[in-house]
Amino acid sequence: MTSAVQLIRSDRLSSVAEYAYAATAPAGARLVFLAGACPLDEQGRTVAVGDHRAQAARCMANLETALAAAGAGLGDLLHTRVLVASSDQADLVAAWEVVRAEMGDHDVPSTLTGVTVLGYDDQLVEVEGVAALVD
C-alpha cells in the first residue's frame, strides 16, 4: 500500500534536523491519532528500567502494534512526538536515535521534548503520533 503522506522539505531551512519540516495528507484521508506508546510489556510492566534506548525501542514496537490495529504502519505517520523524562540532552539524543532509526526513510516531522516525569513507574520514554490513511 502506498502512503497518503507527503513529506515536505525546504531548502530555506537548515538540513541539520533529521526529519522533514512538514507533512501533508490528501483531502479525504482518515486521520489516526495515537496515544503515547509507552515502554510496557503485555502485562503492563515497564521494561528496561533505566535504559532510554531500550525503552524507546519498546515504545516504537508498541506504536507499530497500535498502527497495525488501525490498518496503518510507520510509513503512514504524519508526525511524532518523543517525550523523554530527563533534563540531560544525551538521554534525549539516545532515545531519538532509536526512534529515528526505526523510521528509516520516512523521516516525518517530529518533536523531541525533555519532561519532568511520565505516567508509569520507571518510565523514561513515550512516543505519540498522528497517521493518515486513504481507504
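Biologist: What volume does the largest cavity have?
Modeller: The largest cavity has a volume of about 40 Å³. Keep in mind that this is a predicted model.

Biologist: How many cavities of 30 Å³ or more does the structure hold?
Modeller: One.

Biologist: Which residues line the largest cavity?
Modeller: The lining is made by Glu18, Thr80, Trp96, Val99, Arg100, Met103, Asp107, Val108 and Ser110.

Biologist: How do the lining residues divide into nonpolar, polar and charged?
Modeller: Four are nonpolar, two are polar and three are charged.

Biologist: And where does the largest share of the lining come from?
Modeller: From helix 2, residues 89–103, which gives four residues.

Biologist: What does helix 2 lie across?
Modeller: Helix 2 crosses strand 4, strand 5 and strand 6. Its angle to strand 4 is about 155°.

Biologist: And helix 1, what does that lie across?
Modeller: Helix 1 covers residues 52–69 and lies across strand 3, strand 4 and strand 6. Helix 1 runs at about 30° to strand 6.

Biologist: On to the sheet. What order do the strands have?
Modeller: The order is 3-6-4-5, in an open sheet of four strands with mixed pairing.

Biologist: Which are the edge strands?
Modeller: Strand 3 (30–37) and strand 5 (110–115). Each of them pairs on one side only.

Biologist: What does the twist average?
Modeller: From one strand to the next, the twist averages 10°.

Biologist: In which sense do strand 4 and strand 6 pair, parallel or antiparallel?
Modeller: Antiparallel, over seven bridges. Strand 4 spans residues 77–85 and strand 6 spans residues 125–133.

Biologist: What stands opposite Arg81 in strand 6?
Modeller: Glu128 does.

Biologist: Change of topic. How many salt bridges does the count come to?
Modeller: Six. One of them joins the side chains of Arg30 and Asp135, at 3.0 Å from N to O.

Biologist: Where do Arg30 and Asp135 sit in the chain?
Modeller: Arg30 is in strand 3, and Asp135 is in the segment after strand 6. They are 105 residues apart, and the pair links distant parts of the chain.

Note on methods: Residues numbered from 1 in each chain as written. Predicted model: local features only at pLDDT ≥ 70, side-chain atom pairs only at ≥ 80, totals over all residues. Heavy atoms only, no water. 1 Å grid on protein atoms, 1.4 Å probe; cavity = no way out; pocket = protein on both sides within 12 Å on 5 of 7 lines; lining within 4 Å. Points joined across faces, edges and corners; volume = space filled by probe spheres on them. Helix = DSSP H or I, 4+ residues; strand = E, 2+ residues; numbered from the N terminus. Nonpolar A, V, L, I, M, F, W, Y, C, P; charged D, E, K, R; others polar. Pairing = 2+ DSSP bridges. Axes fitted to C-alpha atoms, helices over the stretch in contact; angles between N-to-C directions. Contact = heavy atoms within 4.5 Å. Salt bridge = Lys/Arg side-chain N within 4 Å of Asp/Glu carboxyl O.
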